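Reader: I would like a close look at a single helix and what packs against it. Please keep to what can be read from the coordinates.

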Amino acid sequence: MFYEVVIPAAGQGKRMKAGKNKLFIELSGIPIIVYTLRVFEEDPDCRGIILSINPAEKVYFNQLIAAYGLKKVKKLVMGGKERQQSVYNGLHHAKEDIVLVHDGARPFITLGQISELTTAASLHGGAVIAVPVKDTIKKAANKKVLETVERSSLWAVQTPQAFRVSILKSAYEQAEAEEFLGTDDASLLERINEQVVIIEGNYDNIKITTQEDLYFAEAILHKQQHGKR
Ligand code: CTP
Ligand code: MG
């Protein structure tokens, strides 16, 4: 199923504490964002990449696109203060019926998962990649436990998230009008009662967030490149 992808890449990477946008950190000599972009470069179903960036980093992004011969980035848009604003700015340029939103900081998504996701989005309106929660989750107030949440119903949600473009645009417009700030894209559909389904993903699809994630990322990369499971 053909689609376009909006990739928010305009964050500051504060939790990484690298003093720069974490997406420029290299894994085995190649910047994280290049791995993410390459997934979509290699997907024949991907009709174009809309990349949301910090304008101060525009020259560097353009250098990377040229240096790695990336062909599908059709638009660089200005990111916003929050991720939601960065995605919204990109969404204005989406024209295909199906649009994906995928974090620049998740370089390990696979084409098989993207394909399952786009098919589900066209059937149901919205679809997210998620994995069953492994830890026991407790609810607490001031570090006093209130309850243990039933784990069998909990999913840790990742990106990509895929949508029929008309539904996502209208969910974003309504969130914007009502000044609702969600923690992911699908939550904007949930609040207007649009259906979102889960596609079970893979624990390798980490979001590179803190320093220790770089060690995990190198290990996942090694596994992908050497075909081990
Ligand atoms: N992002 C964005 N615009 C923002 C904030 C985040 O485009 N205003 C992007 C990031 O570049 C990243 C993705 O959204 O690819 C997920 O965000 P996160 O992992 O939180 O990255 P950062 O915001 O950069 O990191 P931190 O929260 O630690 O500052
Ligand atoms: Mg952030």
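Author: What follows takes one helix, then a strand that covers it, and ends with two other sites. The model is predicted, and the description below should be read with that in mind.

The helix is α5, which spans residues 165-177 and has 13 residues. From its first C-alpha to its last, α5 reaches 18 Å, close to the 18 Å expected at 1.5 Å a residue. Five names make up its buried set: Ile 167, Leu 168, Ala 171, Tyr 172 and Ala 175. Seen down the axis of α5, these buried residues fall within an arc of 130°, so they line one face of the helix. The spacing fits a general rule: an α-helix has 3.6 residues a turn, so residues three or four places apart point the same way. On the other side of α5, Ser 166 and Ala 177 are exposed. After the helix comes Glu 179, with a positive phi near 55°.

The cover over the buried residues of α5 includes two helices, α3 (83-91) and α6 (186-190), and three strands, β6 (98-101), β7 (126-132) and β10 (155-164).

Of these elements, β6 can be described further. Ile 98 and Leu 100 lie on one side of β6, Val 99 and Val 101 on the other, and all four are buried, which leaves both faces of the strand covered. In a regular strand the side chains alternate between the two faces of the sheet. The strand β6 has pairing partners too. Strand β1 (residues 3-8) runs parallel to β6 and is joined to it by 3 bridges; in this pairing, Glu 4 has Val 99 as its bridge partner in β6. Strand β10 runs antiparallel to β6, with 4 bridges between them, and Ile 98 has Arg 164 of β10 as its bridge partner. Thus β10 both pairs with β6 and is part of the cover over α5.

A second buried site is Ile 114, found in helix α4 (residues 111-124). Ile 114 counts as buried because 24 other C-beta atoms lie within 10 Å, where the cut-off is 20 or more. Leaving aside neighbours within four places in sequence, Ile 114 is in contact with Asp 43, Ile 109 and Pro 160. The C-alpha atoms of Ile 114 and Phe 40 are separated by 9.5 Å, although these residues are 74 residues apart along the chain.

The last site is ligand 1, with 22 residues around it, of which Pro 8, Gly 11, Lys 14, Arg 15 and Gly 104 come nearest. By class, this shell has 9 polar, 8 charged and 5 nonpolar residues.

Methods. Residues are numbered from 1 along each chain as its sequence is written. Chains are lettered from A and ligands numbered from 1 in the order in which they are written. This is a predicted model: local features need pLDDT of at least 70, side-chain atom pairs count only at pLDDT 80 or more; totals for chains, interfaces and linings use all residues. A residue is near a molecule or strand if its C-beta atom, placed from the backbone, lies within 6 Å of it. Ala, Val, Leu, Ile, Met, Phe, Trp, Tyr, Cys and Pro count as nonpolar, Asp, Glu, Lys and Arg as charged, and the others, Gly among them, as polar. The expected span of a helix is 1.5 Å times one less than its number of residues. A residue is buried if 20 or more other C-beta atoms lie within 10 Å of its own, exposed if 12 or fewer, and partly exposed in between; C-beta atoms are placed from the backbone. The arc is that of the directions from the helix axis to the C-beta atoms. Two residues are in contact if their C-beta atoms, placed from the backbone, lie within 7 Å. Two strands pair if DSSP finds at least two bridges between them.
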